[in-house]
Amino acid sequence: VSSSQTITVTINGTIYEREVEARKLLIHFIRDDVDLTGSHIGCDTGNCGACSVIVDGTLVKSCMMLAVQADGSSIETVEGLADGDELTVLQQAFSDHHALQCGYCTPGMLMSATALLRINAHPSEDEIKKGLQGNICRCTGYWNIFEAVSAAAEKISR
Amino acid sequence: VTSVTGSTTTISPERVEIQPPKEQYKGQNVPRKEDKRLVQGQGTFVDDIKRHHMGYIHFVRSPYAHAHITSIDVSKAESMKGVYGTLTGEEVASLTDPFFQLSSVPGGNIKDYALALGKVRFVGEAIVAVVAETRELARDASELVEIEYTHWRSRSRSSTTTPAATSCGPACTSGATSTRRSPRPTRS
């Protein structure tokens, strides 16, 4: 029906080579083809941020990118954050500060916050809020998430 | 003691007793056992579940804010290879009860279903569901659903409404144009 292309991407350190339809979105590739369902689809329109992943060091909403555009890139998803059973400081902070309830937006929040803390180890309150503005949460509310990120930033820089 | 001038109300602080929270309400945070898997992306949400021969759904949606549906033709979509089936509002209405209405009358008199029945009331309202082998196929097949509408141009200053027959072709997404333009609203 439509054109396919073979792409090679590295996701959380593992190399995947797959044939994909040219119109396939990166999030569908990650969730359906590679079976990493930690990244979620909340809106399909680039508003909610539940599908946020890090592509070659840049935070990306993966429903706004085609899988073929990711050819040759290195992608980090929520599954790649923890080292085995060892949670990252940020993941632990989310749990400690009750920054999640249903957990649907959490992977996106974690990726946004991870990307933020990498480029800015000492974010101000406004910078944290700005760093999370592309992510929507519908049950926990934002305050606990904000607190978790500030606590993690403080702990990491200590 | 604070007196509100011109009023008999007197608010005396000593009458407002601020009690410390009772011991029984204080305690420790209880760690949630589901947190660990959720922060690692290991939760299982409905969208994460896959089954053999699972179908993917795509909805044909209304391009109009307010229109009557005069006909729906799903035959081309259904004949496409890999399409499991389609569902229209009429079929939904024959298979299910209308949604429960929370509102009192007249709102409570509304009878609506999971898919539009006879009429669409907002742009993007789901009219036909198409289920197919893959997400892409469902999307392609839904482009083959043909729906005809009679719609009313929305207006603010006119008391009359003139129906204009409109046909929405196979694509439905490109934005159908009216075959006949309604007269411009006149100021009264």
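Helices and strands here are DSSP runs, with at least four residues for a helix and at least two for a strand, numbered from the N terminus. The loop between α2 and α3 of chain A, where A:H98 sits, is named on that basis. The model is a predicted one, and what follows starts with chain A as a whole before moving to its core, its helices and a handful of individual residues.

Chain A holds five helices and five strands. Going along the sequence, these come in the order β-β-α-β-β-β-α-α-α-α. On overall dimensions, the C-alpha atoms fit a box of roughly 50 × 30 × 25 Å along the principal axes. The radius of gyration of chain A is 16 Å, which agrees with the value near 15 Å that a compact globule of 158 residues would have. Of those 158 residues, 49% are buried. Contacts over long stretches of sequence are well represented: among pairs at least 6 apart in sequence, 55% join residues at least 24 apart. The accessible surface adds up to about 7,400 Å², and carbon and sulfur atoms account for 47% of that. As for charge, chain A carries 11 positive and 20 negative side chains, with the centres of the two sets 6 Å apart.

Next comes the interior. In soluble globular proteins, nonpolar side chains tend to be buried together. The largest nonpolar core here has 30 residues, and the members that touch the most others are A:L90, A:F94, A:M109, A:L110, A:L132, A:I145 and A:V149. At least two residues each come from α2 (89-96), α3 (106-119) and α5 (143-157) of chain A, and likewise from α1 (35-39) of chain B. The largest share, seven residues, is supplied by α3(A). A:M109 gives a good feel for the packing: beyond its neighbours within four places in sequence, A:M109 is in contact with A:F94, A:L132, A:N135, A:I136, A:C137, A:Y142 and A:I145. There is also a second, separate core of 19 residues, with B:V60, B:A67, B:I127 and B:A141 among them.

Two helices are worth a look for how they are covered. Helix α1 of chain A, residues 26-33, is mostly covered, with seven of its eight residues buried. Those buried residues are A:L26, A:I27, A:H28, A:F29, A:I30, A:R31 and A:D32. Their cover includes β1 (4-11), β2, β3 (52-55) and β5 (74-76) of chain A, along with β3 and α4 of chain B. After α1(A) comes A:D35, with a positive phi near 70 degrees. The other helix is α4 of chain B (residues 135-142), in which B:E136, B:L137, B:A138, B:A141 and B:S142 are buried. The buried residues of α4(B) pack against β2 (14-21) of chain A, and against β3 (56-61), α2 (75-78), β5 (83-88) and β7 (126-132) of chain B.

On to single residues. A:V20 belongs to strand β2 of chain A and, at 1% relative accessibility, counts as buried. Setting aside residues up to four places away in sequence, A:V20 touches A:S3, A:S4, A:Q5, A:I7, A:F29, A:D33, A:A67 and A:V68. The C-alpha atoms of A:V20 and A:T6 are 6.2 Å apart, with their positions 14 residues apart along the chain.

A:W143 is found in helix α5 of chain A. With 49% relative accessibility, A:W143 counts as partly exposed, because the partly exposed class runs from 20% up to 50%. A:W143 and A:H98 lie 45 residues apart in sequence, yet their C-alpha atoms are 9.8 Å apart. A:H98, in the loop between α2 and α3 of chain A, is itself partly exposed, with a relative accessible area of 34%.

The backbone has a few quirks too. A:H98 is not a glycine, but its phi is positive, near 50 degrees. A:D44 also has a positive phi, of about 65 degrees, without being a glycine. A:D44 is placed in the loop between α1 and β3 of chain A and is partly exposed, with a relative accessible area of 40%. In chain B, the peptide bond from B:V105 to B:P106 is cis, its omega being near 5 degrees. B:P106 sits in the loop between α3 (89-95) and β6 (119-120) of chain B.

Technical notes: Residues are numbered from 1 along each chain as its sequence is written. Chains are lettered from A and ligands numbered from 1 in the order in which they are written. This is a predicted model: local features need pLDDT of at least 70, side-chain atom pairs count only at pLDDT 80 or more; totals for chains, interfaces and linings use all residues. Side-chain values use heavy atoms; hydrogens and water are left out. A nonpolar core is a set of buried Ala, Val, Leu, Ile, Met, Phe, Trp, Tyr and Cys residues joined through side-chain atoms within 4.5 Å. Buried means under 20% relative accessible area, exposed over 50%, partly exposed in between (1.4 Å probe, protein chains only). Contact means heavy atoms within 4.5 Å. The radius of gyration is taken over C-alpha atoms; the globule rule is 2.2 Å times the number of residues to the power 0.38. Accessible areas come from the Shrake-Rupley method with a 1.4 Å probe; for residues, only the protein chains shown count as cover. Lys and Arg count as positive and Asp and Glu as negative; His and the chain ends are not counted. The place of a charge is taken as NZ of Lys, CZ of Arg, CG of Asp or CD of Glu.
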